[in-house]
Each structure stands twice: as C-alpha cells, then as structure tokens.
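This report considers the packing of helices, an aromatic pair and the confidence of the model. The sequence and structure are shown first.

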Amino acid sequence: MAALVVGTSGRLLRKAAECPAAGRLVADRVGCWNCLQGAKRYLLTEDVLQLHKFQEKKLENEYKIYGQKDEFFRTVEKKLANNTLILKTELINLLYLCQSKNEMELVKRTIYRYHEENRNRAFGEFRFGPIFMRLCYELDLEAVALELIKDQTLNGFFGDYTSFNILMDMLFEKGHFEDALNVLLEMDRENVRFSQDTYLLAFAICYKLNDFLKAQYYFSQLQPTESIIYDNLKILLLAAFGNLKNLLQTLEKASKINTYFVRKPNFCKDVIIAVREKLELDPDFIIQFEEIVTKLKVSGQINELTLDDLLCEVPHPKGYKMQLLKETKRSQRTLQPLQSFLLSD
C-alpha cells in the first residue's frame, strides 16, 4: 500500500498519523458516506461503463448467430479439448454470447487459452478486458472478474485502465471496498496508467475505508473541476487534516467572487456545520470563519442540500447538458421540439 503514495511527503505521512481520528470525526459528522436508504452511488458515467452499448452489441451478435449458438459453443469446446488455436473473433463472439454463470466457465477457459497462445503478441487496437468486465457487471459476477484480474498468469490481458475502473466501480457499488482496494493495488503493481476516473474511484475507496492519508493524496491528483461536489470535498478534507489556515483562505476566496463571469463555489450546510465544529477549539479561527460564512450566506453560496444528496446522484454522461439544451428548444405553440416543428411547417 505504501507504493501508492509515492511522491507524498514525509510531513504529510506524519500529519496523517497524528490526526486520523479527527478525520473520522469530520466524515462521521457529515455522514457523507452513509448513503440514503435505497439510493445507489455511481462513480462512473455511462460514457465509461457503456453497458447500454454492450447490450446492443450482444443483441447484434445473437442475431448474426441465431439458431447456431449451441453449435458455436460446441466448436469452442472441441478446440479447447484438442488444443486447437482459438481465433480472436471466436473469443469476441463468446464474450457477447455468454448469458449465464455456467457459460462463463467456458469463457474463462477460452480466455486462459487465448492469452497463453498470444501472450507474446500485441492485441492491436482491440481490448478484451473492458468487454469481459461489462459482461461480469451484467451477470453480477464481480467475484469472477476479481479472480481473473488478480491472476498473474493473465498478466497483460487486462492492460488498460478501463478494465480496472469498471471492476472497481462494480465492487464499490456493492460495498466491497477492501476488494476494490486490492484491484487498485493490482493496477499499480502492473504499472497500468491511472486516469482521472481511477483517481476518483481511489479517493472514494480510501475514504470509505477511513484511510484519509490516501484519500487526500488521490483527491490532490484530480484535476480541479467547477462542481459543487469538488468544492465541498476540498474543504472537508482540509478540515479533516487540520489544515485550517488553507481552509479559511479557500472559503475567503470563494466569498470574494462578485462577477457573473466566474462561477461562485457553493457549499452544503452540513459540511459547513462539520467544519465549524472542527474550528470551535481555536477562537481566532472561529471568529474569522463566522465572518466568512455570513458573507457566503448573503451571496447565496450555502445551500440546504447535504453532501450525501450530491454523492447519490447518478452522474450524467458527457454531452448531457448540450442534449438537454437541444431538448428544451421547443415551440411555445406546439410544445414539440423546435426543429421538428419548423420542419413540419
């Protein structure tokens, strides 16, 4: 686990060791990781998961091989038994045609054989890993996905960050945080490049496991975004690690934005309450804090939402805002989409 914090200063390590309890106090006070009953937290968007596209591809393959699926499976079984070369197209078709846990056993055996035959060859542009992970997502077979991605004999088969990200998302959604952390460690061990989605998943996993040192480290690797979640997580982590001076500077800066051309950061009321309790032991800081909070309230930068409300939202795919904009362009007279209304006229 220490390998995951390469580049983190010794000062930060010491600081984390000194204040893990304080970090837990802030997190517990906000309650941001105790999701509302019945709600699900999704960290990856459909642009990454592509489960809908995967379903479409499955239907397409089923149509092409309609009535011949059993024969195709028997052909693959025969090839495995006779130690005959497995073709790339055969493995692709098998992944899209698999529909059950029993059929997954054939998929696994075929993957091992294919990788054994092609371990020293480049797979080109095609990546089997994400397809396999989406299949496991669909069939609720996260244990199978975890088994294969950790198997050293398949080293290189899952050589892309998308495969690891999908599996971590699957495990996170089901509450298997320790397993998700093991996937992250395996990803690091295999030197697979981390994407921004990886850092987001890593942050969430470590926070759920109360590992605030690594949570802060991974959060620091995320590119700053103009989002209310980012605003709140930043000050929450600053409070958890006792970086009170930086926290007040961040809030002060947010309160001084007075132009329409720059987005004003927005903060959840429960996060502000948690930060206040952290600052109450320091009279100088609490006075300055209350003054800043008053300014934020006047400018409408403190809302009634909880951080949990925000984290339990399903993230929208890329281009969602543009699509929403197109859908709202409707004729006031017919309430039809404006484009179709104009064409009909």
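## Helix packing and model confidence

Helix 6 and helix 8 are roughly parallel to each other, because an angle under 35 degrees counts as roughly parallel and theirs is about 20°. The model in which they occur is a predicted one. Helix 6 spans residues 88-97 and helix 8 residues 128-139, and their axes lie 9 Å apart. The crossing of helix 6 past helix 8 is left-handed. On the side of helix 6, the contact is formed by Lys88, Leu91, Ile92, Leu95 and Tyr96; helix 8 contributes Phe128, Ile131, Phe132 and Leu135. By class, eight residues of this contact are nonpolar, one is charged and none is polar.

A second packed pair consists of helix 9 (residues 142-150) and helix 11 (residues 177-189). These two helices are likewise roughly parallel to each other, since their axes cross at roughly 25° and the limit for that class is 35 degrees. Their axes come within 10 Å, and the crossing is left-handed. Leu146, Ile149 and Lys150 of helix 9 meet Asp179, Asn182, Val183 and Glu186 of helix 11. This contact comprises three nonpolar, one polar and three charged residues.

The two packed pairs are set out below.

| Helices | Angle | Axis distance |
|---|---|---|
| Helix 6 and helix 8 | about 20° | 9 Å |
| Helix 9 and helix 11 | roughly 25° | within 10 Å |

Aromatic pairs number 14 in the structure. One of them joins Phe54 and Tyr96, whose ring centres are 5.7 Å apart and whose planes stand at 35°, so the pair is tilted. Phe54 belongs to helix 4 (residues 51-64) and Tyr96 to helix 6; with their positions 42 residues apart, the pair links distant parts of the chain. Tyr96 also takes part in the contact of helix 6 with helix 8.

Confidence varies along the chain. The mean pLDDT of the chain is 80, and 76% of the residues score at least 70. Among the elements, helix 9 has the highest mean pLDDT (97), whereas helix 20 (residues 338-344) has the lowest (37). Over residues 1-22 the pLDDT stays under 50, and the model has 28 contacts beyond four places in sequence for this stretch. Residues 320-345 also have a pLDDT below 50, with 13 contacts in the model beyond near neighbours in sequence. Where pLDDT is low, predicted coordinates should not be read in detail.

How values were computed: Residues numbered from 1 in each chain as written. Predicted model: local features only at pLDDT ≥ 70, side-chain atom pairs only at ≥ 80, totals over all residues. Heavy atoms only, no water. Axes fitted to C-alpha atoms, helices over the stretch in contact; angles between N-to-C directions. Helix = DSSP H or I, 4+ residues; strand = E, 2+ residues; numbered from the N terminus. Parallel < 35°, antiparallel > 145°, perpendicular 65-115°, else oblique. Left-handed = near helix turned anticlockwise from the far one by under 90°. Contact = heavy atoms within 4.5 Å. Nonpolar A, V, L, I, M, F, W, Y, C, P; charged D, E, K, R; others polar. pLDDT = per-residue confidence, 0-100. Phe/Tyr/Trp six-rings, centres within 6.5 Å; stacked < 30°, edge-to-face > 60°.
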